[in-house]
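Colleague: I would like a quick lesson in reading packing features from a model. Can we work through one together?

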Amino acid sequence: MSQSTQSTQTSTYIPRLLESERVYLRPFEQSDVDTYFPGLFNSEARRLTGTQNSFTRAQVERYVENTAQDDSRLMLLIALQETDQVIGDIVLMDMHSKNRSAHLRIAIDNAKHQGKGYGSEAMLLMLDYGFGICNLHRIELEVYAFNERAIRTYEKLGFLREGISRDVLFYNHQYHDAIRMSMLEDEYRERYCADQA
């Protein structure tokens, strides 16, 4: 193999931390800011995630840099296997070593990629990593009550409802409740690892 061929292959290599059939999760690089930044202004994604603030490009760059230094947070981009297109991000955050707990957040940026199961695949990859590699006991999330599709997805994956935070989000002239959900390690293993025993 020539040196130029090796150089080309090295320059196009995309690190993949976790992979499933249709998506893979990879680290967030500074070079991704140009792609990621416009997605923060997608109106439907902002509504579903309850995003109220605006962001500058410089703020996003600092956030990416700070996240890379934060041991309590694992932020990964969701990309399609077929095209390498980034379609969203997923984060394990507030990881607590003594309680062995973490909070999970996911966002699929564009409506054309929603409702196709990509988010579910990414969630399963991150759950497996959280319980199987990070040795977490509990992974929790919050979802706004108006996001019925996400609630159904989380329940289908095995998350259980724990309670409601009332009027937690003010968005579009009204208050909205958030539903708290969680999954424990034994619940995950019983559902997804039973055939590996």
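**Helix packing and the core**

Modeller: H5 and H7 are oblique to each other. Keep in mind that this is a predicted model.

Colleague: Which angle and which axis distance go with the packing of H5 and H7?

Modeller: The general idea comes first. Two packed helices are described by the angle between their axes and the distance between the axes. Here H5 and helix H7, residues 185-192, pack at an angle of about 125°. Their axes are 10 Å apart. Angles of 65 to 115 degrees count as roughly perpendicular, and those over 145 as roughly antiparallel. The pair H5 and H7 is therefore oblique.

Colleague: Is the crossing of H5 and H7 left-handed or right-handed?

Modeller: H5 passes H7 in a left-handed crossing. On the H5 side, the contact is made by Leu-124, Leu-127, Asp-128 and Phe-131. H7 brings Glu-185, Tyr-188, Arg-189 and Tyr-192.

Colleague: How many residues of the contact of H5 with H7 are nonpolar, polar and charged?

Modeller: The contact of H5 with H7 divides into 5 nonpolar and 3 charged residues, with no polar ones.

Colleague: Now take H5 and H6. At what angle do their axes cross?

Modeller: The axes of H5 and H6 cross at roughly 45°. They come within 11 Å. H5 and H6 are therefore oblique to each other. Their crossing is right-handed.

Colleague: Which residues make the contact between H5 and H6?

Modeller: Ser-120, Met-123 and Leu-124 do so from H5. Thr-153, Tyr-154 and Leu-157 do so from H6. The contact of H5 with H6 has 4 nonpolar residues, 2 polar and no charged.

Colleague: Let us turn to the interior. How many residues does the largest nonpolar core have?

Modeller: The general idea again. In soluble globular proteins, nonpolar side chains tend to be buried together. In this model, the largest nonpolar core has 37 residues. Those with the most contacts inside it are Ile-78, Ile-90, Leu-92, Leu-104, Met-123, Tyr-154 and Phe-159.

Colleague: Which elements give two or more residues to this core?

Modeller: The strands are E2 (23-27), E3 (74-80), E4 (86-96), E5 (101-108), E6 (138-144) and E8 (174-184). The helices are H5 (118-132) and H6 (148-157). H5 gives the most, with 8 residues.

Colleague: What does Ile-90 touch, leaving out residues up to four places away in sequence?

Modeller: Ile-90 touches Leu-25, Leu-74, Met-75, Leu-76 and Ile-78, among others. Further along the chain, its contacts include Leu-104, Arg-105, Ile-106, Ala-122, Met-123 and Met-126. There is also a second, separate core of 13 residues. Tyr-24, Val-33, Val-60 and Ala-79 are among its members.

Colleague: Is Tyr-118 buried or exposed?

Modeller: Use the cut-off. Buried means under 20% relative accessible area. Tyr-118 has 13% relative accessibility, so it counts as buried. Tyr-118 lies in helix H5. Beyond residues up to four places away in sequence, Tyr-118 touches Arg-22, Val-23, Leu-80, Ile-87 and His-113.

Colleague: And Gly-115, buried or exposed?

Modeller: Gly-115 is found in the loop between E5 and H5. The exposed class begins over 50%. At 66% relative accessibility, Gly-115 counts as exposed.

Colleague: Backbone next. Which sign does phi have at Asp-84?

Modeller: Asp-84 has a positive phi of about 70°, although it is not a glycine. Its place is in the loop between E3 and E4. With 32% relative accessibility, Asp-84 counts as partly exposed.

Colleague: What is phi at Asn-172?

Modeller: Asn-172 has a positive phi of about 55° and is not a glycine. Asn-172 lies in the loop between strand E7 (160-171) and E8. Its relative accessible area is 59%, so Asn-172 is exposed.

Colleague: One more loop. Where is Gln-52 found?

Modeller: Gln-52 is in the loop between helix H3 (43-49) and helix H4 (57-69). Neighbours within four places in sequence aside, Gln-52 is in contact with Arg-46, Leu-169, Phe-170 and Tyr-171. Now compare sequence with space. Gln-52 and Asp-34 are 18 residues apart along the chain, and their C-alpha atoms are separated by 21 Å.

Conventions: Residues are numbered from 1 along each chain as its sequence is written. This is a predicted model: local features need pLDDT of at least 70, side-chain atom pairs count only at pLDDT 80 or more; totals for chains, interfaces and linings use all residues. Side-chain values use heavy atoms; hydrogens and water are left out. A nonpolar core is a set of buried Ala, Val, Leu, Ile, Met, Phe, Trp, Tyr and Cys residues joined through side-chain atoms within 4.5 Å. Buried means under 20% relative accessible area, exposed over 50%, partly exposed in between (1.4 Å probe, protein chains only). Helices (H or I, at least four residues) and strands (E, at least two) are DSSP runs, numbered from the N terminus. Contact means heavy atoms within 4.5 Å. Axes are lines fitted to C-alpha atoms, for helices over the stretch in contact, and angles run from 0 to 180 degrees between N-to-C directions. Angles under 35 degrees count as roughly parallel, over 145 as roughly antiparallel, 65 to 115 as roughly perpendicular and the rest as oblique. A crossing is left-handed if the near helix is turned anticlockwise from the far one by less than a right angle, and right-handed if clockwise. Ala, Val, Leu, Ile, Met, Phe, Trp, Tyr, Cys and Pro count as nonpolar, Asp, Glu, Lys and Arg as charged, and the others, Gly among them, as polar.
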